[in-house]
Amino acid sequence: MTMKPLNSDALIADLVGDLAPVRPLRFGAGLAAVLAAAGISAAAVVAVLGLRPAWLAGAVNPMHLIATGLYGGLGLAATVTVIIMGRPQVGSDHSGWRWAALMAALLPLAGLIVAIGRGAEELAPDVMLYGAECLTIGAAASLLVLGVLTAWLRRGAPTAPTRAGLVAGVAAGAFGSFAVSIHCPANDIVHIGIWHSMAVLAMAGLGRVLVPRLVRW
Amino acid sequence: MRADEATLAHLMALSQSGDRQAYAALLEACQRWLRGYYSRRIAPSSLDDLVQETLIALHTKRASWDPTRPFLPWLAAIARYRWVDHLRRLYRADERELNEELLGSDDEPAIAARISIDRLLGLLPPAQERAIALVKIDGLSIAEASAATGQSESLVKVNIHRGLKKLALLIEKE
């Protein structure tokens with residue numbers, strides 16, 4: 001519907017003539033689609049790159065578990081916010097994801113503090129290369145979720161497209177980092193806190209730049 | 001037909017399933033509701049365009065309303081989005097075509113105050129709200145708004161710019 005008739009009566013007649021049944025955007029359907037996408041992405045990472053060796057040996061690391069949980073929690077909280085953003089309503093709250101982001105931000109913060117204490121060894125080429133590998137895997141594993149969230153926002157009516165794009169990127173990146181955590185053998189806070197979190201930041205930036213162009217209405 | 005919440009929600013639910021008779025009634029009711037909603041918050045010369053743009057948005061985005069949720073807060077969010085977009089387009093185009101007298105209607109929109117445009121404008125700092133109201137709604141020039149508010153001309157421009165940016169982020173705020 002791109003042409004605008006001269007008067008409202010003609011417009012209404014046009015719109016009525018154009019009416020076709022639609023399936024309303026249900027919260028549960030949106031959440032299920034994103035969780036399915038996140039699950040498929042994590043399964044793909046495990047299928048292609050393998051499960052974390054320590055888990056195969058039956059060992060768990062508390063720091064790794066907490067970090068993985070924080071990424072998963074951030075992905076879930078940001079996803080819920082994006083789903084709400086797709087269904088506008090005066091009175092909706094879009095701030096819930098920020099608390100999860102604040103908690104997850106402790107990971108890069110702690111990683112940076114420890115890295116500064118260690119000094120130049122964290123800048124060695126092999127350390128950087130290993131980190132960049134996880135960043136790449138995390139970013140790749142987040143693309144499906146970003147696609148599903150973008151499709152949701154395109155069907156919906158986000159009233160703050162730029163912010164919706166940013167939060168969609170955060171959600172996708174967090175689920176990407178969650179998927180990487182299932183594969184990556186590292187328990188080191190510097191590696192997890194900096195490199196795994198970088199996927200979240202990278203996808204947040206990508207979402208903020210790319211998604212608004214696709215969902216503005 | 002009265003544009004009350006229950007009636008509109010019922011018509012919208014029928015419309016989502018493809019009932020054209022209900023949809024025609026809904027659009028007629030929404031058109032009247034929107035005219036009241038935008039009343040005195042847009043130049044009269046732009047009212048028809050804005051109402052039509054909002055009806056088109058209602059049509060294209062009708063799937064984004066969930067029948068388990070209230071209808072009017074959804075419509076108000078759509079209407080606020082289109083209104084802010086309209087003001088921003090005016091800002092970008094730097095138009096000066098809003099000098100007509102505003103309609104003196106005393107009709108109050110039959111909606112809860114919390115979803116009104118006044119409520120949205122009220123979320124801005126007073127200086128930004130006043131600059132936007134004078135220039136973008138009442139149609140004053142920057143110089144006239146500067147004289148009316150005591151703000152410098154550049155401050156009026158800054159307040160409009162910042163206010164519009166903030167409005168775009170506050171559309172769903174009560």
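**Note on a predicted two-chain model**

1. Of the 217 residues in chain A, 47% are buried. This structure is a predicted model, and the remarks below should be read with that in mind.

2. The secondary structure of chain A consists of nine helices and zero strands. Followed along the sequence, the chain therefore gives the pattern α-α-α-α-α-α-α-α-α, in which a helix is a DSSP run of at least four residues. Along the principal axes, the C-alpha atoms of chain A fill a box of roughly 70 × 30 × 30 Å.

3. The contacts within chain A deserve attention. When contacts between residues at least 6 apart in sequence are considered, 85% of them join residues at least 24 apart. One pair of positions separated along the chain is Ala44(A) and Ala141(A): they stand 97 residues apart in sequence, and their C-alpha atoms are separated by 8.1 Å.

4. Where does Ala44(A) lie in chain A? It belongs to helix 2 of chain A, which spans residues 27–49. Ala44(A) has 14 C-beta neighbours inside 10 Å. A residue needs 20 or more such neighbours to be buried and 12 or fewer to be exposed, so Ala44(A), with 14, counts as partly exposed.

5. A packing of two helices in chain A may be examined next. Helix 4 (residues 62–85) and helix 7 (residues 125–155) of chain A have axes that come within 9 Å and cross at roughly 20°. Because angles under 35 degrees count as roughly parallel, helix 4 of chain A is roughly parallel to helix 7 of chain A.

6. Which residues of helix 4 of chain A meet helix 7 of chain A? They are Val82(A), Ile83(A) and Met85(A), and their partners in helix 7 are Leu149(A), Trp152(A) and Leu153(A). By class, the residues of this contact are six nonpolar, no polar and no charged.

7. The model also contains an interface between chains. Here 38 residues of chain B are in contact with 30 residues of chain A. On the side of chain B that touches chain A, at least two residues come from each of helix 1 (5–16), helix 2 (20–38), helix 3 (44–60), helix 4 (72–93) and helix 8 (153–169) of chain B. Helix 3 of chain B supplies the largest share of that side, eight residues.

8. What is the make-up of the side of chain B that touches chain A, by nonpolar, polar and charged residues? It divides into 20 nonpolar, nine polar and nine charged residues.

Definitions and conventions:
Residues numbered from 1 in each chain as written. Chains lettered and ligands numbered in written order. Predicted model: local features only at pLDDT ≥ 70, side-chain atom pairs only at ≥ 80, totals over all residues. Axes fitted to C-alpha atoms, helices over the stretch in contact; angles between N-to-C directions. Parallel < 35°, antiparallel > 145°, perpendicular 65-115°, else oblique. Contact = placed C-beta atoms within 7 Å. Nonpolar A, V, L, I, M, F, W, Y, C, P; charged D, E, K, R; others polar.
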